[in-house]
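Work through these short exercises with the sequence and the structure side by side. Try each task before you read its solution.

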Amino acid sequence: QKQLMKGEFDLALLALPPDGTEVLRLASRLRAQNNTRDLPLLLLADAAQKTQVLRGFDLGANDHAFRPLDPNELRARARNQIRRKRYQERLRAELDRSLEMAVTDQLTGLRNRRYVRRHLDGLLRTEEAAVLLVDIDKFKSINDTYGHNVGDVALREVAERLRVQLRA
């Protein structure tokens, strides 16, 4: 159970004993933990335990299989739940990446003007804040003399030095 709570698994098979309340409590605890909130739960039960299976669904179980278990059915159900979990993880990662791209300047990796404006507006309404404005002297001459690729390298270097020296 402790290993399961670490969230390092793709699927949990929960076999309901004749009195399945302890297993259902485990299902509930798994749903309540951050590490295992999205872990697919597959209940294994006897056909006479339909009420407990329904209760398991209320507590967050994703699927079930009745005993006697057909190995092919169990494999198919497990595979479907793992695929669904991985698909949701990809969607969540894409959403996170999209949100990050919406507030980050692609060239420098620093927050973009839209994000900074909103953030500063919020800060200035509730507390004091300091603002640092940075200008790179004669930057146009770098672009004109050495080209935009070198100018981009210079901007990234300035951004990295700011990132190292300033708070987030």
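**Exercise 1. A strand and its surroundings**

How many of the six residues of β2 are buried?

Solution. Start with the ground rules. This is a predicted model, in which local features need pLDDT of at least 70, side-chain atom pairs count only at pLDDT 80 or more, and totals for chains, interfaces and linings use all residues. Residues are numbered from 1 along each chain as its sequence is written, and side-chain values use heavy atoms, with hydrogens and water left out.

Next, the terms. Helices (H or I, at least four residues) and strands (E, at least two) are DSSP runs, numbered from the N terminus. Buried means under 20% relative accessible area, exposed over 50%, and partly exposed in between (1.4 Å probe, protein chains only).

Now count. Five of the six residues of β2 are buried, so the rest of the structure largely encloses this strand.

**Exercise 2. Strand pairing**

Find which strands pair with β2, and in which sense.

Solution. Two strands pair if DSSP finds at least two bridges between them.
- Step 1: β1 and β2 run parallel, joined by four bridges. Within this pairing, L13 is bridged to L42 and L14 to L43.
- Step 2: β2 also pairs with β3 (residues 63-67), in the parallel sense, over five bridges. Here L42 has D63 as its bridge partner.

**Exercise 3. Two faces of β1**

Which residues of β1 are on its covered face, and which on its uncovered one?

Solution. Recall the rule: in a regular strand the side chains alternate between the two faces of the sheet. In β1, A12 and L14 form the covered face. L13 and A15 form the uncovered face.

**Exercise 4. The nonpolar core**

Describe the largest nonpolar core and say which elements supply it.

Solution. A nonpolar core is a set of buried Ala, Val, Leu, Ile, Met, Phe, Trp, Tyr and Cys residues joined through side-chain atoms within 4.5 Å.
- Step 1: the largest one has 16 residues, and L4, A12, L14, L16, L26, L30 and L41 have the most contacts inside it.
- Step 2: α1 (2-5), β1 (12-15), α2 (21-32) and β2 (41-46) each supply at least two residues of this core. α2 gives the most, with five residues.
- Step 3: another core lies apart from it, with six residues, among them L11, L44, L74 and A78.

Then look at L30. Leaving out residues up to four places away in sequence, L30 touches L4, M5, L14, T36, R37 and L41. Contact means heavy atoms within 4.5 Å.

**Exercise 5. Checking helix α5**

Why does the end-to-end distance of α5 agree with its number of residues?

Solution. The expected span of a helix is 1.5 Å times one less than its number of residues. Helix α5 (residues 113-126) has 14 residues, so its span should be 20 Å; its end C-alpha atoms are 20 Å apart, which agrees. Now check its cover. α5 is hardly covered, with zero buried residues among its 14.

**Exercise 6. Unusual backbone spots**

Where does the backbone depart from this rule: most residues other than glycine have a negative phi, and most peptide bonds are trans?

Solution.
- Step 1: a cis peptide bond joins R67 and P68, with omega about 0°. P68 sits in the loop between β3 and α4 (71-103).
- Step 2: K138 is not a glycine, yet its phi is positive, about 55°. K138 lies in the loop between α5 and α6 (139-146). K138 is exposed, with a relative accessible area of 69%.
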